[in-house]
Amino acid sequence: AARGLSLIIRAGAGVDTIDVKAASARGVYVANCPGKNADAVAELAVGLLIAADRRLVEATLALREGKWRKAEFGKARGLKGRTLGLVGFGTIGKAVARRALGLEMNVLAWSRSLTAEQAAAAGVARAVSPAELARASDAVSIHLAATPETRHLVGAAFFEALKPGALFVNTSRGDVVDTAALKKAAA
């Protein structure tokens, strides 16, 4: 609709959220800046893990209703000493790992291209499959690009393998996770 538009730049990796074909038909150049938002996404992922563990949203909503439930919301397990599983170990996954290690978490990573040597160099353990990662993790954070190979990679089998009560954060593309399987697992 913007007739003078000549350029679309997406902060971060991928342009799958942009109709590149329509942009090209209108002579609009599309570009992205992979890795430029890696620190921001890593901070968000860790913040969401902390918020989930501490039930910050529920506590805030209760407080807004005039209910002070300190005893209930003070029962967080904490993240120190727990295992964080990272599905995807690119720029963002590595940035999350550094932050999690700073919180004294154990970090387990899986990526199709991750070698044992690369994992050791990053100070993390390597999972041989997403299912193995799910079985061993107290919390999971997803960091995968949206591709035909990753569509619904995190599905029913993954959630069935996940420990009861495990925290789950997805700051990557939505279609990496099978939403129906997630809803069923959360029920």
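Threonine 83 stands opposite asparagine 106 in strand β4, and this pairing is a convenient place to enter the structure, which is a predicted model. The bridge is one of five that join strand β3 (residues 83–87) to β4 (residues 106–110), and the two strands run parallel. Another point of contact along the pair is leucine 84, which stands opposite valine 107 in β4.

On its other pairing, β3 meets strand β6 (residues 139–142), again in the parallel sense, and here four bridges are found. Within this second pairing, glycine 85 of β3 has valine 140 of β6 as its bridge partner.

How many of the five residues of β3 are buried? Five of the five are, so the strand is largely enclosed by the rest of the structure. In a regular strand the side chains alternate between the two faces of the sheet. The burial of β3 can be followed face by face: Thr83, Gly85 and Val87 lie on one side, Leu84 and Leu86 lie on the other, and all of them are buried, so that both faces are covered.

From β3 the reader can move outward to the sheet as a whole. It is an open sheet of five strands, paired in parallel, with the order β5-β4-β3-β6-β7. At its edges stand β5 (125–126) and β7 (167–170), each of which has a single partner strand, so one side of each is left without a neighbour in the sheet. Strands of a sheet pair through backbone hydrogen bonds, either parallel or antiparallel.

The strand β4 links β3 to the edge strand β5, to which it is joined by two bridges in a parallel arrangement. In this pairing leucine 108 stands opposite alanine 125, while alanine 109 has arginine 126 as its bridge partner in β5. Four of the five residues of β4 are buried, so this strand, too, is largely enclosed by the rest of the structure. The chain reaches β5 from β4 by crossing through helix α6 (residues 116–122), and this β-α-β crossover is right-handed. A right-handed β-α-β unit is also made by β3, helix α5 (residues 91–102) and β4.

Helix α5 also leads to the salt bridges, of which the count comes to 11. One of them is formed by arginine 99 with aspartate 39, whose closest N and O atoms are 3.2 Å apart. This pair links distant parts of the chain, since arginine 99 belongs to helix α5 and aspartate 39 to helix α2 (residues 38–54), with their positions 60 residues apart in the sequence. Arginine 99 is partly exposed, with a relative accessible area of 24%, and aspartate 39 likewise counts as partly exposed, at 42% relative accessibility.

Further along the chain, aspartate 53 forms a salt bridge with arginine 54, and the closest N and O atoms of this pair are 3.8 Å apart. Is each partner buried or partly exposed? Aspartate 53 has a relative accessible area of 9% and is therefore buried, whereas arginine 54, with a relative accessible area of 39%, is partly exposed.

The side chains of arginine 55 and glutamate 72 meet in another salt bridge, with a distance of 3.0 Å from N to O. Arginine 55 lies in the loop between α2 and α3 (56–64) and glutamate 72 in helix α4 (residues 70–73), so the pair ties together parts that are 17 residues apart in sequence. Both residues are partly exposed: arginine 55 has a relative accessible area of 28%, and glutamate 72 has 32% relative accessibility. Salt bridges with shared partners extend this contact, joining Arg55, Glu58, Arg69 and Glu72 into one network.

A last stop is on the surface, where Leu7, Ile9 and Tyr29 form a nonpolar patch with about 330 Å² of accessible area together. Tyrosine 29 has its place in strand β2 (residues 29–33). Because exposed means over 50% relative accessible area, tyrosine 29 counts as exposed at 54%.

Methods: Residues are numbered from 1 along each chain as its sequence is written. This is a predicted model: local features need pLDDT of at least 70, side-chain atom pairs count only at pLDDT 80 or more; totals for chains, interfaces and linings use all residues. Side-chain values use heavy atoms; hydrogens and water are left out. Buried means under 20% relative accessible area, exposed over 50%, partly exposed in between (1.4 Å probe, protein chains only). Two strands pair if DSSP finds at least two bridges between them. A crossover is right-handed if, with the strands pointing away from the viewer, the path from the first strand over the helix to the second runs clockwise. Patches are made of residues with over 30% relative accessible area and no salt bridge: like charges are joined within 9 Å, nonpolar side chains (Val, Leu, Ile, Met, Phe, Trp, Tyr) within 5 Å. Accessible areas come from the Shrake-Rupley method with a 1.4 Å probe; for residues, only the protein chains shown count as cover. A salt bridge is a side-chain nitrogen of Lys or Arg within 4 Å of a carboxyl oxygen of Asp or Glu.
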